[in-house]
Amino acid sequence: MYDVKGNIRQVLGDLPKDVQLVAISKYHPKEFIMEAYDEGQRVFGESHEQELREKHASLPDDIEWHFIGHLQTNKVKYIAPYISMIDAVDSLKLLREIDKQAKKNNRTIRVLLELHIAEEETKYGLTLEACRQLLEDGEWRLLKNVEICGLMMMASNVDDESQIRNEMMMASDFFDEIKEKYFSESDCFRERSWGMSHDYKIAIECHSTMVRIGTTIFGPRVY
Ligand SMILES: *Cc1c(COP(=O)(O)O)cnc(C)c1O
């Protein structure tokens, strides 16, 4: 088996104290998660509701689960009772549904807004302009059972470090802009979630507070 414990230790050794590790366990078996758990890791990320449901039901209760993938509104109700953070909110419609389901469960759900900055064609994420508009529109202020805790993005999957750096710095500058404009009073709004296996060291230099690392810890995913 992959040396999950050793890999976790190595990754944690690379991270400054104020950068949190979300161990991305999608497609990996529960045994791998327990290896990381035994090493002290408590925060894990999954991207498929059904897979997460099964893992949540059978793994220790003190695991904090992040939903990191694209989330369909009709799936929110299944994860609302227990999810610790929804990392990739990219529409007001989804934000409304999370608020509604959180209320039903008598809790507040923490979320990140997902930015689309990478050059790649992906359907997901808010452009900076769309994100500004969502915040300017103001309806989010009425959604009392969601707490917007920061921003998330994925840089382009390229070898060119300067491009990755540019994209992450664009996200970081944007974070500063909206922190000042909309969230200066919010203690919660402080997360900058960028950095994956191949680019987390760059992300640390670009003000990331939360890296999402899968392959480096658990090995290649078998689909
Ligand atoms: C799978 C995934 C990751 C982890 O990617 P690795 O390259 O395995 O570290 C991070 N973020 C998101 C949104 C993902 O879907």
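Student: Are Trp140 and Tyr182 buried or exposed?
Tutor: Keep in mind that we're looking at a predicted model here. To count as buried, a residue needs under 20% relative accessible area. Trp140 and Tyr182 both end up in the class called buried.

Student: What kind of aromatic pair do Trp140 and Tyr182 form?
Tutor: Start with the rings: their centres are 6.4 Å apart, and the planes make an angle of 80°. An angle over 60 degrees puts a pair in the edge-to-face class. So for Trp140 and Tyr182 the label, by that cut-off, is edge-to-face.

Student: How many residues apart in sequence are the parts that this pair ties together?
Tutor: Look at where the two partners sit: Trp140 is in the loop between H6 and S6, while Tyr182 belongs to helix H7. The pair therefore links parts of the chain whose separation in residues is 42.

Student: And Phe183 with Phe189, what sort of pair is that?
Tutor: Their ring centres are 4.0 Å apart, with 0° between the planes. Planes under 30 degrees apart get their own class. That makes the Phe183 and Phe189 pair, by the cut-off, stacked.

Student: What relative accessible area does Phe189 have?
Tutor: Its partner Phe183 is buried, at 4%. Phe189 is buried as well, and its relative accessible area comes out at 0%.

Student: Which residues form one aromatic cluster?
Tutor: The structure holds five aromatic pairs, and we've just met two partners in a stacked one, Phe183 and Phe189. Put these two with the edge-to-face partners Trp140 and Tyr182, and add Phe175. The cluster is Trp140, Phe175, Tyr182, Phe183 and Phe189.

Student: How far apart are the end C-alpha atoms of helix H7?
Tutor: Helix H7 covers residues 161-182, which is 22 residues. At 1.5 Å a residue it should span 32 Å. The model agrees with that, because the end C-alpha atoms of H7 lie at a separation of 31 Å.

Student: Which elements do the buried residues of H7 pack against?
Tutor: The buried residues of H7 include Ile164, Met168, Phe174, Phe175 and Ile178. In an α-helix there are 3.6 residues a turn, so residues three or four places apart point the same way. Packed against the buried residues of H7 are S5, H6, S6, S7 and H8.

Student: How far does helix H5 reach from its first C-alpha to its last?
Tutor: H5 runs over residues 92-104, 13 residues in total. Its buried residues include Leu92, Leu95, Ile98 and Ala102, and what covers them includes H4, S4, S5, H6 and S6. The reach of H5 is close to the length expected at 1.5 Å a residue, and it is 18 Å.

Student: Which residue with a positive phi follows H5?
Tutor: Look just past the end of the helix for a phi near 60°. The residue there is Asn106.

Student: How far is Glu191 from Cys149 in space, C-alpha to C-alpha?
Tutor: Glu191 is in strand S7 and counts as buried, at 9% relative accessibility. Beyond its neighbours up to four places away in sequence, it touches Cys149 along with others, including Leu112, Phe175 and Met210. Glu191 and Cys149 are 42 residues apart in sequence, and in space their C-alpha distance is 6.0 Å.

Student: Which residues does His56 contact, leaving aside neighbours within four places in sequence?
Tutor: His56 sits in helix H3 and is partly exposed, with a relative accessible area of 26%. Its C-alpha is 9.6 Å from that of Ile79, 23 residues along the chain. Its contacts are Trp65 and Tyr82.

Student: What volume does the largest pocket have?
Tutor: Rolling a probe the size of a water molecule over the atoms shows where empty space is left. The largest pocket is lined by 36 residues, and Lys26, Ile68, Met154, Met196 and Arg212 lie nearest its centre. Strands S5 and S8 are the elements that give two or more residues to that lining. The largest pocket's volume is about 800 Å³.

Student: How many charged residues are in the lining of the second largest pocket?
Tutor: This pocket holds about 210 Å³ of space. Its lining includes Trp140 and Phe183 from our aromatic cluster, plus Arg141, Lys144, Glu147 and Asp187. Six lining residues are nonpolar and one is polar, while the charged ones number four.

Key: Residues numbered from 1 in each chain as written. Predicted model: local features only at pLDDT ≥ 70, side-chain atom pairs only at ≥ 80, totals over all residues. Heavy atoms only, no water. 1 Å grid on protein atoms, 1.4 Å probe; cavity = no way out; pocket = protein on both sides within 12 Å on 5 of 7 lines; lining within 4 Å. Points joined across faces, edges and corners; volume = space filled by probe spheres on them. Helix = DSSP H or I, 4+ residues; strand = E, 2+ residues; numbered from the N terminus. Nonpolar A, V, L, I, M, F, W, Y, C, P; charged D, E, K, R; others polar. Expected span 1.5 Å × (residues − 1). Buried < 20%, exposed > 50% of the residue type's maximum accessible area, 1.4 Å probe, protein only. Contact = heavy atoms within 4.5 Å. Phe/Tyr/Trp six-rings, centres within 6.5 Å; stacked < 30°, edge-to-face > 60°.
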